[in-house]
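Student: I'd like a close look at one part of this structure, and at how that part fits in with what surrounds it. Please take me through it in one go.

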Amino acid sequence: MKTVLITGCSSGFGLDTARYFVARDWNVIATMRNVDANLLPPAPNLRVLALDVTDAASIASVIAAAGPIDVLVNNAGIGMLGTLEGTTMETVRAVFETNTLGTIALTHAVLPQFRERRTGVIVNVTSTVTVRALPFLSVYTASKAAVNAFTESLALELAQFNIRVSLVLPGRSPTTAFGTNAKERMQAAFPAPYVAFKEQVFAGMGSGGDVTYGDDVAEAVWRAATDPASPLKIAAGADAVAWAQESGDDRFVTPRQV
């Protein structure tokens with residue numbers, strides 16, 4: 001039975017992905033900053049561990065407790081919505097600490113065991129806002145785009161050790177906590193000179209159109225974890241697939257050589 005370690009399992013995509021792997025008889029180590037034992041039903045193939053991806057000691061503790069793993073899913077992240085001018089540098093750093101450096105730190109921590117065993121899979125969950133630019137998401141998009149670039153480069157250097165690295169890019173989802181945790185960092189993120197444009201943009205968003213659901217992301221992560229021929233980039237969700245197709249990036253469709 002294989003083992004997957006998933007970060008950011010307290011809600012949204014991480015929680016849905018943990019459920020998906022548990023149901024398919026994988027050993028699942030579901031991590032979250034503050035453990036809530038009621039989020040996932042008890043199962044013999046499930047462990048829930050506390051993890052702060054911005055804390056080196058927390059990472060080391062979880063890696064030690066987890067033991068050998070086969071797949072790492074870097075899903076933990078925080079939202080950010082607002083103008084750059086209205087965002088403090090403290091907030092910018094906090095977003096990068098979790099979304100970007102947290103991903104790099106977890107990956108760094110599992111690489112020795114993957115390299116020694118000459119096997120392993122790393123799946124980094126980012127966003128299709130890196131495919132199509134949107135206003136008021138400059139900081140968030142930059143934090144996720146950095147992970148995309150990190151992943152693409154890392155895949156090249158780890159291929160020699162039979163370590164596969166993949167990206168899953170979800171679209172807009174009504175089922176995640178993005179909006180809730182983004183509000184925590186908005187502060188005065190829309191100074192007066194930007195208010196008219198903000199209202200224009202928000203009015204045009206509406207609530208219709210295709211969206212991404214948790215199962216879309218869980219299925220994409222599963223594919224990245226289990227299919228050696230899966231593309232480097234996997235769009236998750238109807239809207240994400242449409243944006244990926246429009247981008248013309250063949251890394252969403254080109255199978256890897258096995």
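Tutor: Let's start with F190, which counts as buried because its relative accessibility is 14%, and the cut-off for burial is under 20%. Please keep in mind that this is a predicted model. K198 lies over the face of the F190 ring, at 5.1 Å from the ring centre.

What does F190 pair with? A search of the whole structure turns up eight aromatic pairs. In one of them, F190 meets F136 edge-to-face, with 5.0 Å from centre to centre and 75 degrees between the ring planes. The partners come from distant parts of the chain, 54 residues apart: F136 belongs to the loop between strand 5 (120-125) and helix 4 (138-158), and F190 to the loop between helix 5 (178-183) and helix 6 (195-205). F136 is buried as well, because its relative accessibility comes to 8%.

From the F136 loop we can follow the chain into helix 4, which holds A155. With 16% relative accessibility, A155 counts as buried too. Leaving aside residues up to four places away in sequence, A155 touches V165 and L232. V165 falls within strand 6 (residues 163-170), a strand joined to strand 7 by four bridges in a parallel arrangement. Within that pairing, L169 stands opposite A235 of strand 7.

Now for the sheet itself. Seven strands make up an open sheet with parallel pairing, in the order 3-2-1-4-5-6-7. Its edges are strand 3 and strand 7 (233-236), each of which pairs on one side only. From one strand to the next, the twist averages 20 degrees. Helix 2 (residues 56-66) packs on this sheet, touching strand 1, strand 2 and strand 3, and its direction makes about 160 degrees with that of strand 3. Helix 7 (residues 214-226) lies across strand 4 (71-74), strand 5, strand 6 and strand 7, and runs at about 165 degrees to strand 6.

Strand 5, which precedes the F136 loop, is joined to strand 4 by four bridges, and the two run parallel. L72 of strand 4 stands opposite I122 in strand 5. The connection between these strands is a right-handed β-α-β unit made of strand 4, helix 3 (residues 89-117) and strand 5. Strand 4 is covered on both faces: V71 and V73 are buried on one side, and L72 and N74 are buried on the other. As a general point, side chains in a regular strand alternate between the two faces of the sheet. Strand 4 also pairs with strand 1 in the parallel sense, over three bridges, and there V4 stands opposite V71.

Moving on through strand 1 (residues 3-6), we find four bridges to strand 2, again running parallel. I6 stands opposite A30 in strand 2. The chain gets from strand 1 to strand 2 by way of helix 1, in a right-handed β-α-β crossover. Strand 2 (residues 27-32) is largely enclosed by the rest of the structure, because five of its six residues are buried. Five bridges then join strand 2 to strand 3 (residues 46-50), in parallel, and R47 in strand 3 is the bridge partner of I29.

Helix 1 (residues 12-23) is where D16 sits. D16 counts as buried because its relative accessibility is 19%, just within the cut-off of under 20%. Its contacts, not counting residues up to four places away in sequence, are G214 and A218. For a sense of scale, L15 and A155 lie 26 Å apart in space, C-alpha to C-alpha, and 140 residues apart in sequence.

To finish, back to aromatic rings. Y20, F21, W26 and W222 form one aromatic cluster. R24 lies over the face of Y20, at 3.5 Å from the ring centre, while K198 lies over the face of F190, the ring we began with.

Notes
Residues numbered from 1 in each chain as written. Predicted model: local features only at pLDDT ≥ 70, side-chain atom pairs only at ≥ 80, totals over all residues. Heavy atoms only, no water. Phe/Tyr/Trp six-rings, centres within 6.5 Å; stacked < 30°, edge-to-face > 60°. Buried < 20%, exposed > 50% of the residue type's maximum accessible area, 1.4 Å probe, protein only. Lys NZ or Arg CZ within 6 Å of the ring centre and 35° of its normal. Contact = heavy atoms within 4.5 Å. Pairing = 2+ DSSP bridges. Right-handed = clockwise from strand over helix to strand, strands pointing away. Axes fitted to C-alpha atoms, helices over the stretch in contact; angles between N-to-C directions.
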